[in-house]
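User: Could you take a close look at one part of this structure for me? I would like to see how its pieces fit together.

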Protein chains: 2
Amino acid sequence: MADRVHVTLRDVAMAAGVSLATASRVLNGTAKVREDLRDRVEAAASELAYTPNAHAQALVRASNETVGVICHDVSDPYFSGIARGVMRAAAQRDLLVMLASTFRDSTREVAYVSMLRAQRARAILLIGSGFEDRRWERAMDVELRPYLNAGGRVAVVSRHRSLRVDTVLPENRQGAAALARALLALGHRRFAILSGPPGLSTVVDRVGGFRDALAAAGVPVDQIEEGPFSREGGYAGACALLDRGLDATCLFAATDVMAVGALAALRERGLRVPDDVSLAGFDDIPVVRDLTPPLTTVSLPLEEMGERVIALALRDGGRGRRRIERVPGTVILRASTIGPR
Amino acid sequence: MADRVHVTLRDVAMAAGVSLATASRVLNGTAKVREDLRDRVEAAASELAYTPNAHAQALVRASNETVGVICHDVSDPYFSGIARGVMRAAAQRDLLVMLASTFRDSTREVAYVSMLRAQRARAILLIGSGFEDRRWERAMDVELRPYLNAGGRVAVVSRHRSLRVDTVLPENRQGAAALARALLALGHRRFAILSGPPGLSTVVDRVGGFRDALAAAGVPVDQIEEGPFSREGGYAGACALLDRGLDATCLFAATDVMAVGALAALRERGLRVPDDVSLAGFDDIPVVRDLTPPLTTVSLPLEEMGERVIALALRDGGRGRRRIERVPGTVILRASTIGPR
DNA sequence: GCGCTATCTGAAAGCGCTTTCCTGCGGTAC
DNA sequence: GTACCGCAGGAAAGCGCTTTCAGATAGCGC
């Protein structure tokens, strides 16, 4: 990037025969400038294809028209749905989005926060359940504290344990509970659960909400398998359940992505969904309605969540009290769940 | 971001009792510094949670450890698959990725290039077929030319018409032709095509390659419907085909995403896939193998394409001749295509 | 026509950093 | 003991921009 030189404001000013100050004022519209000078500056700028150096601007303005977003994996529909909302909202505000994928590596997540901090991003958004261990928490705090003190904004989606920042919080517990009740209403009494990585608040809430609602109806669940939030995780979990002799009329996967894997596993083992076993997921990622059978799930407005988290981070008076915006989940009953035979 | 002050190198230097120059040298390891001084600087930096201002660095170094990626829609699996590859490769190089979604708005695409230029991104990557009209071409050229002249790198995936830059080019034509031949081999003779937006090189190549291969076997195709590259586009296109009295044993959709929509439409109209009509797509996005039936398609190594495009942009001697890396597509026959009854 | 004010323009400082240049120090050879 | 060399650290310039401050110009009333 250093091979040749960029066109600078000085070049524009010289070409237009005015001072840097005047050129700057014209290009930013920050003060009245005589019409002929203005025209000359504008002509020179477009002639030279001038683009202001955002770094010089950021340096003097101590801020950069940029927001950073950190998620675990862009190609997971859950995250890309939220990212889409963030980008739509960012575009409206003329902000550039720096999007980083951690690939679920907590060290990398902290490193990204540091880089975003260095970039003086206006806001940093953390999407998706975090790494809820002490070491991570401390490392993250070390990065975030000075960033916040310097006026940076931080907001998160779906992680509420440790970080004391503005949060968009899907009502995982209530959603899962509502799903459980709907499944009970269908007549199911024997359930199995495909749970996510232990400790994640999302997992705790979804699985906990599901189990509590069942327990309230006097239905215990002892068939649980844990695995990563991925198609493979769901596939492997379902296989493990099957290997141990699955005895359930309904299987609940903590995420749709896992449910997709579970569906494949069940089918491979010769089980029909929903005839032999009902299957439900969580999130309502776009694709699940096109599965056969279409998947029963708890729908989350992913794109809206993305829009809300950036709005939350950038809101006026951002330094006020912490705000938590709860996003309800809606149970969507589709053909993957029917009453047990 | 201007509420309070950031910790600067000057703060670190003062705390350590050394000059800025020394502090800078320690933190960058650019020159030997006496051990005790070095220790003091390092201690001060970590004490103060110092993060260098990337803008100040970028300003003096005339470059920013950042690459910009522009795609049409992050939540489209085709793009997010490629984006994933880009991010993985970027992470290895300690680069931050700025990812922008155009939402298929050509004006916005040009605006993003301008913003990335302002950010002095090391490279700008354009993912996915472009807007092949004259106005766009000129506007894009105005932005890209000075960027390239200033040493910026540009590379693209899957758009070869107008932009004369390094390119990763999926072999759409060959892939579609191979698919057509495979379908012919299954015994199909009556085909319908769901095409994408007219004029896009991707569409021209895929549909053209498909038709040419059929024509070579003496099989004409007159049932074609155009629509946007989306599930809805596929759905609407299939409905239109059906309304006009679909007379084909096999339907080819220009992208998997469209095929998903088509599958839904066919099913709604009571047609069974593959018994009544075979269906094939293109791209091999992850989800299609989990459809019922799993979709026959042409597989593209999306993630690898992402890795290659960033490698191409950042390669040494980037100012050399234009390079075009062709990526072959592999026909994957799955259950959505069988021989006609 | 003169003096005052209201506008607009230009000079210059400074944002936080890297890097060149230069000074001062210690060590070595004679 | 003196002259020279090498090296580490500091001062200062400068990256491209915004913005304050002061100066210049025009406009107005008398």
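Analyst: Happy to help; here is a walk through a sheet in chain A, followed by a short visit to a helix pair in chain B. Please keep in mind that this is a predicted model.

Let's begin with the sheet. Four strands of chain A form an open sheet, and going across, you meet them in the order β7-β6-β8-β9. Their pairing is parallel. At the edges sit β7 (223-226) and β9 (278-280) of chain A, each of which pairs on one side only. On average, neighbouring strands of this sheet are turned by 15 degrees against each other, direction ignored.

Now zoom in on one pair. Strand β8 of chain A, residues 250-253, is joined to β9(A) by three bridges, and the two run parallel. To find your place there, look for A:C250, which stands opposite A:S278 in β9(A).

The sheet also has a helix against it. Helix α9 of chain A (residues 201-216) lies across β6 (191-195), β7 and β8 of chain A, and runs at about 170 degrees to β6(A).

Finally, turn to chain B. Here helix α1 (residues 9-16) and helix α3 (residues 35-47) of chain B pack at an angle of about 130 degrees, their axes 8 Å apart. Because of that angle, α1(B) counts as oblique to α3(B). The crossing of α1(B) and α3(B) is right-handed. From α1(B), residues B:V12, B:A15 and B:A16 meet B:R40, B:V41, B:A44 and B:A45 in α3(B). Sorted by character, the residues of this contact between α1(B) and α3(B) are six nonpolar, one charged and no polar.

Terms used: Residues are numbered from 1 along each chain as its sequence is written. Chains are lettered from A and ligands numbered from 1 in the order in which they are written. This is a predicted model: local features need pLDDT of at least 70, side-chain atom pairs count only at pLDDT 80 or more; totals for chains, interfaces and linings use all residues. Side-chain values use heavy atoms; hydrogens and water are left out. Two strands pair if DSSP finds at least two bridges between them. Axes are lines fitted to C-alpha atoms, for helices over the stretch in contact, and angles run from 0 to 180 degrees between N-to-C directions. Contact means heavy atoms within 4.5 Å. Angles under 35 degrees count as roughly parallel, over 145 as roughly antiparallel, 65 to 115 as roughly perpendicular and the rest as oblique. A crossing is left-handed if the near helix is turned anticlockwise from the far one by less than a right angle, and right-handed if clockwise. Ala, Val, Leu, Ile, Met, Phe, Trp, Tyr, Cys and Pro count as nonpolar, Asp, Glu, Lys and Arg as charged, and the others, Gly among them, as polar.
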